[in-house]
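This report describes a protein chain through its burial, its sheet pairing, its helix packing and its salt bridges. The sequence and the model are shown first.

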Amino acid sequence: MADDMTLRRRVPILVMFLLGVACAPAPVPLPADESALRFFTGARLILGNGDVLDEGALLIQGDRIAAVGTADELTALSDANIIDLSGKTVMPALVNTHAHLGWEAYERWGSEQFTRENLVDHLHRHAYYGVGTIISTGSDIEEIALEVRQAQRAGGIGGARYLVSPGLGTPGGGPNPRFTDDAGWWGVNEVTAPDGARDVVRRLAERGVGILKIWVDARDRRRGAEVKLSPEIYTAVIDEALVRDIRVIAHATTLEDHKRLVEAGVRRFIHMPYDTDVDDEYLAMVAARNVYIVPTLGMVTRGEPYRRPVFDDPFFQEQVPARVVTTLREAAADPGPGQPSSEAAQERARVIRDNFARLRDHIILGTDAGAVGDFFGYADHLEIELFVELGMTPSEAIVASTSRAARAFGLDETGALEAGRSADFVVLDANPLDDIMNSREVADVYVRGARVDRDALRDTWTQ
């Protein structure tokens, strides 16, 4: 943010926590050091729960939101930093619940790219685009991932909040062939029996893992993985995870598997049924058990009516060198075999559209970026734009991508502009409630109260 947007001035020593103001029931204690406070005032606040405050104000104490209200209801302490956001819109930073960090190097891809340096770079790329939290699922080297997670918690690494989700599946099953054809693939914890599955869950719990991905479908026949993860095994995983306080998310794409998994206790899914219309029985199960679904529209609509090329988009180009754009253009000119027929693509698009509409109140943000060529942070904006294209209002898309996504994984510290939560928010030059494309009009991003230096990152990435 430009220096002239931050004004230091003396105001009365008063902080008002009023009934009816959008804050937590118990105010956060104020520090003795007034300089730790920053007062963001004058912006429209999109709170993340569907509510909006015009002429709103945020009081930030260190890395936390101390209070939220209107500018008239909250007055900063004396000598606090006052940041005038008149004419701006502020919304919570996005919460992406599904991506694959570490493998993408923008001019090459593979397991050899999974280094600490590249992983940290991907956290910064998410933050650059306004993503405050990212869950990387089932393809991270645990030793590197857990060290980076710990270093970030200790304050040594910036970028989006990094949550690790190891994977579990059948031998030869799990991730798509692009990962498993790589000679350096290490990913899935392979299990063949319930006892072994419980042992994996216990080991991961001991390492502080709080999210576990299970692959249920058998999609890679080339490696002989034609047997799905059995109900006996995934039931053992779910039971053990429950007592270990681990949240399970299942990769499943068929209606039958979804139903069986919901009955077994799964409440989070990567992918929705894509080739079959969901029925009333399934919808009733989803509603009764408060299921959350990551549709990964940007990934599954590749080559289909909803898909749009990225290489000519200035919003994408601002964080890669010109040679990456050239490479993508050349790749698009030769899409390769396996493209669906127009009739098949149209029918699949209809099923996706109709199922999405019926599941819209359970949809959360996740991109699958890093697995199939979508790019970190940028892909999140494409995804929420697809949410709106398929029928959500901009407000619904923001809720799905912030507070609901956080709630799905018990992330009580982020996902909304609310007192006591982490100061993860995006300052926009235009209102995304008028047009979801305005979420691209990023003026500033704050993660854990720290301003992301987007200019410096952009200068580094475009070299």
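What percentage of the 463 residues of the chain count as buried? The share is 57%. The model is a predicted one, and its secondary structure comes to 15 helices and 18 strands. Among contacts between residues at least 6 apart in sequence, 72% join residues at least 24 apart.

## Strands and sheet

An open sheet is formed by 6 strands, with parallel pairing and the order 11-10-12-13-14-15. Its edges are strand 11 (189-190) and strand 15 (292-294), each of which pairs on one side only. Within this sheet, strand 13 (residues 247-251) and strand 14 are joined in the parallel sense over 2 bridges. Ala250 has Phe269 of strand 14 as its bridge partner.

Another parallel pairing involves strand 7 (residues 94-99) and strand 8 (residues 131-137), which are joined by 4 bridges. Leu94 is matched with Val131 of strand 8 as its bridge partner. Strand 7 is largely enclosed by the rest of the structure, because 6 of its 6 residues are buried.

## Helix 5 and its surroundings

Helix 5 (residues 231-243) has 13 residues, which at 1.5 Å a residue should span 18 Å; the end C-alpha atoms lie 19 Å apart, and this agrees with the expectation. Its buried residues are Ile233, Tyr234, Ala236, Val237, Ile238, Glu240 and Ala241. These buried residues pack against three strands and two helices, namely strand 10 (167-169), strand 12, strand 13, helix 4 and helix 6. After the helix comes Asp245, which has a positive phi near 60 degrees.

Glu240 also belongs to a network of salt bridges, in which it is linked with Arg198, Asp199, Arg202, Asp239 and Arg244. Glu240 is thus listed among the buried residues of helix 5 and is a member of this charged network.

## Packing of helix 6 and helix 7

Two packed helices are described by the angle between their axes and the distance between the axes. For helix 6 and helix 7, the angle is about 35 degrees and the axes are 10 Å apart. Their crossing is left-handed. On the side of helix 6 the contact is made by Leu255, His258, Lys259, Val262 and Glu263, and on the side of helix 7 by Glu281, Tyr282 and Met285.

## Salt bridges

The structure holds 36 salt bridges. Three of the pairs are set out below.

| Pair | Closest N to O distance |
|---|---|
| Arg207 and Glu142 | 3.1 Å |
| Arg260 and Glu256 | 2.8 Å |
| Asp279 and Lys259 | 2.7 Å |

The side chains of Arg207 and Glu142 meet in a salt bridge. This pair links distant parts of the chain, 65 residues apart: Arg207 is in the loop between helix 4 (194-206) and strand 12 (211-215), and Glu142 is in helix 2 (residues 142-153). Arg207 counts as partly exposed because its relative accessibility is 31%, whereas Glu142 is buried at 13%.

How many residues apart are Arg260 and Glu256 in helix 6? They are 4 residues apart in helix 6 (residues 255-264), so about one helical turn separates them. Both ends of this salt bridge are partly exposed, Arg260 with a relative accessible area of 42% and Glu256 with one of 46%.

Asp279 forms a salt bridge with Lys259. Asp279 lies in the loop between strand 14 (268-270) and helix 7 (280-288), while Lys259 lies in helix 6; the two are 20 residues apart and the pair links distant parts of the chain. Is Lys259 buried or exposed? Lys259 has a relative accessibility of 15% and therefore counts as buried; the cut-off is under 20%. Asp279, at 27%, counts as partly exposed. Lys259 also takes part in the contact between helix 6 and helix 7.

## Ser403

Ser403 is found in helix 14 (residues 403-408). With a relative accessibility of 9%, Ser403 counts as buried. Leaving aside residues up to four places away in sequence, Ser403 touches Gly48, Asn49 and Gly415.

Methods: Residues are numbered from 1 along each chain as its sequence is written. This is a predicted model: local features need pLDDT of at least 70, side-chain atom pairs count only at pLDDT 80 or more; totals for chains, interfaces and linings use all residues. Side-chain values use heavy atoms; hydrogens and water are left out. A salt bridge is a side-chain nitrogen of Lys or Arg within 4 Å of a carboxyl oxygen of Asp or Glu. Buried means under 20% relative accessible area, exposed over 50%, partly exposed in between (1.4 Å probe, protein chains only). Two strands pair if DSSP finds at least two bridges between them. The expected span of a helix is 1.5 Å times one less than its number of residues. Contact means heavy atoms within 4.5 Å. Axes are lines fitted to C-alpha atoms, for helices over the stretch in contact, and angles run from 0 to 180 degrees between N-to-C directions. A crossing is left-handed if the near helix is turned anticlockwise from the far one by less than a right angle, and right-handed if clockwise.
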